[in-house]
Amino acid sequence: MDQDANPEAERSIVEKQRLQKSHELLTCTIKAPPFSYTHLELLTDPSDAAVELDNLQAKSYCTAALRQFLGLTGSAISLDILKVEPRECWVRVPRDDLGSFAAALTAWKGTSDGGVQCLLRIKQCSDWLGTMVGSDGQDRLWNN
């Protein structure tokens with residue numbers, strides 16, 4: 001078969017192949033992220049108490065738990081308050097300190113003010129914030 005018989009068809013095939021190629025610009029794999037994330041919930045006794053979290057209160061509760069559990073070493077752990085809602089907050093801690101942070105909050109007895117007992121409970125924690133945000137609402141789905 002003569003190749004010069006249909007140069008338009010040949011050019012069309014070459015152009016389609018060129019347009020369909022994809023090029024990988026960058027590949028990056030993060031095996032050990034520098035931070036971990038924790039979703040905390042404020043619990044009160046009595047449960048209908050009108051107590052709401054703010055940035056300062058969330059930081060104060062976390063620092064008190066770390067100081068009680070690990071002393072000065074615990075209070076030196078860096079933590080960032082990412083988001084605070086009336087009864088929940090999101091905290092970022094160094095990945096290596098997540099175990100100590102979780103243990104400190106679990107062992108913390110909370111605080112009492114005006115007859116209302118307040119404490120923070122860990123709802124979930126992960127090295128990846130996206131996995132926690134994506135799972136928001138799953139408890140409502142399965143616990144209805």
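Is threonine 38 buried or exposed? In this predicted model, threonine 38 is buried because its relative accessible area is 1%, and a residue counts as buried under 20%.

**Threonine 38 and its surroundings**

Threonine 38 sits in strand β1, which covers residues 35-45. Leaving aside residues up to four places away in sequence, threonine 38 touches Cys89, Trp90, Val91, Leu98, Phe101, Ile122, Gln124, Cys125 and Met132. One of these, valine 91, has a contact list of its own: with residues up to four places away in sequence again not counted, valine 91 touches Ser36, Tyr37, Thr38, Leu40, Cys62, Leu79, Asp80, Ile81, Leu82 and Phe101. Phe101 is thus among the contacts of threonine 38 and also among those of valine 91.

**The sheet**

The chain holds 6 helices and 5 strands. From one end of the sequence to the other, these elements follow the pattern α-β-α-α-β-β-α-β-β-α-α. An open sheet of 5 strands, with antiparallel pairing, has the order β2-β3-β1-β5-β4. Its edge strands are β2 and β4, each of which pairs on one side only. On average, and with direction ignored, neighbouring strands of this sheet are turned by 30° against each other. In general, strands of a sheet pair through backbone hydrogen bonds, either parallel or antiparallel.

The strands have these residue ranges:

| Strand | Residues |
|---|---|
| β1 | 35-45 |
| β2 | 80-84 |
| β3 | 88-94 |
| β4 | 111-113 |
| β5 | 116-126 |

At one edge, β4 is joined to β5 by 3 bridges, and the two strands run antiparallel. Here threonine 111 stands opposite cysteine 118 in β5.

**The nonpolar core**

Which residues of the largest nonpolar core touch the most other members? They are Leu40, Val91, Phe101 and Leu120, in a core of 23 residues. At least two residues of this core come from each of β1, α2 (55-70), β3, α4 (98-107) and β5. Helix α2 gives the largest share, 5 residues. As a general tendency, nonpolar side chains in soluble globular proteins are buried together. Two of the core residues named above, Val91 and Phe101, are also contacts of threonine 38.

**The chain as a whole**

The chain has 144 residues, of which 28% are buried. Its exposed area is about 10,200 Å², and carbon and sulfur atoms supply 51% of that area. Among contacts in the chain with a separation of 6 or more, 68% link residues 24 or more positions apart.

How values were computed: Residues are numbered from 1 along each chain as its sequence is written. This is a predicted model: local features need pLDDT of at least 70, side-chain atom pairs count only at pLDDT 80 or more; totals for chains, interfaces and linings use all residues. Side-chain values use heavy atoms; hydrogens and water are left out. Helices (H or I, at least four residues) and strands (E, at least two) are DSSP runs, numbered from the N terminus. Buried means under 20% relative accessible area, exposed over 50%, partly exposed in between (1.4 Å probe, protein chains only). Contact means heavy atoms within 4.5 Å. Accessible areas come from the Shrake-Rupley method with a 1.4 Å probe; for residues, only the protein chains shown count as cover. Two strands pair if DSSP finds at least two bridges between them. Axes are lines fitted to C-alpha atoms, for helices over the stretch in contact, and angles run from 0 to 180 degrees between N-to-C directions. A nonpolar core is a set of buried Ala, Val, Leu, Ile, Met, Phe, Trp, Tyr and Cys residues joined through side-chain atoms within 4.5 Å.
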